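Dear colleague,

I am passing on the structure below, which you have not worked with before. Please have it open beside this message while you read.

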Amino acid sequence: MSDAAQPTAAEVRAAAEAVKTALDRHLAAVERRSGEDDPAVYQAFNELAAAAEVYDELLYDRYDEVTPFEIPGAEDAPPYTGPEEPNALSVLIRRDYAVAEPQRLMAQARRIEAADDEAAVGADVAGTVHGALGILFGEFEADEIASRHKEFGLEEGDSTLWVTAADESAEPGEWLETPFDQVDPERVVCRFDVSAVFDDEFDDEDDDDVPELEEDLDTDLDTDLDEEPEDEKDGEADGEPERLRADR
């Protein structure tokens, strides 16, 4: 890269300040989070990832230096070839679930069925997993099910959201018969992936740094010290939150 094409020191400094601002906003969003899937935290995370990526690129271009930030991305993703200013968008979402508690799932569906005055008398549609899923997904928006999946006996798997660009909006009913057959990877503006595999990658790295415990530890301490106070047990989290992978 020529010197004329390199970013200025001021541009690198501005990018660093943007990371600091995004970091503060992310922490503030986390501190004010209203639940496990708070959209404000989701947005702040994406803004922080984007700011860190810009800073990393400018720092490298200007000083041939890198940061410790890791911005996961699909290295084999095809280059974007869509319009610079798309007139229409398609949003494709996939969320995977495991039916962890079928009885809970059917019980929730029966409550909805019982409250439905128009439900056929004596018809136990909620008595099967297929019927219960039809009732739940017919009653609730997909985003609400995602935020309340444990209530419905479901266990979250991987999920992904793709935003694709189009030259013009489709005609009503044009793609309904085959809604997912015309996805062009080269028109993906951005995508967001959530998977436990990202946690596994970090856990594997952490395991390499954990020293082995000595076998001759002193075991003469009072056994009462081995018990955790009740208030500390209550404050423990169930697990690490899944990491979001944002590809732009």
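What follows is a short account of one helix, the nonpolar cores and a surface patch.

Please keep in mind that this is a predicted model.

I would begin with helix α4, which runs over residues 129-139 and in which Gly-131, Ala-132, Ile-135 and Leu-136 are buried. These four cover an arc of only 130° around the axis, which puts them on the same side of α4. In general, an α-helix has 3.6 residues a turn, so residues three or four places apart point the same way. On the other side of α4, His-130 and Gly-138 are exposed, while the buried residues of the helix pack against α3 (102-115) and α5 (142-147).

Two of those buried residues of α4, Ala-132 and Ile-135, also belong to the largest nonpolar core, a set of twelve residues that includes Leu-105, Met-106, Phe-140 and Leu-154 as well. Both α3 and α4 supply at least two residues of this core, and the largest share, four residues, comes from α3. Leaving aside residues up to four places away in sequence, Phe-140 touches Ile-112, Ile-145, Arg-148 and Phe-152. There is also a second, separate core of nine residues, among them Ala-15, Val-19, Ala-22 and Leu-59.

At the surface, Tyr-80, Leu-89 and Val-189 make a nonpolar patch of about 260 Å². Leu-89 lies in strand β1, residues 88-99, and Leu-89 counts as exposed because its relative accessible area is 54%, where exposed means over 50%.

With best wishes

Methods
Residues are numbered from 1 along each chain as its sequence is written. This is a predicted model: local features need pLDDT of at least 70, side-chain atom pairs count only at pLDDT 80 or more; totals for chains, interfaces and linings use all residues. Side-chain values use heavy atoms; hydrogens and water are left out. Buried means under 20% relative accessible area, exposed over 50%, partly exposed in between (1.4 Å probe, protein chains only). The arc is that of the directions from the helix axis to the C-beta atoms. Contact means heavy atoms within 4.5 Å. A nonpolar core is a set of buried Ala, Val, Leu, Ile, Met, Phe, Trp, Tyr and Cys residues joined through side-chain atoms within 4.5 Å. Patches are made of residues with over 30% relative accessible area and no salt bridge: like charges are joined within 9 Å, nonpolar side chains (Val, Leu, Ile, Met, Phe, Trp, Tyr) within 5 Å. Accessible areas come from the Shrake-Rupley method with a 1.4 Å probe; for residues, only the protein chains shown count as cover. A salt bridge is a side-chain nitrogen of Lys or Arg within 4 Å of a carboxyl oxygen of Asp or Glu.
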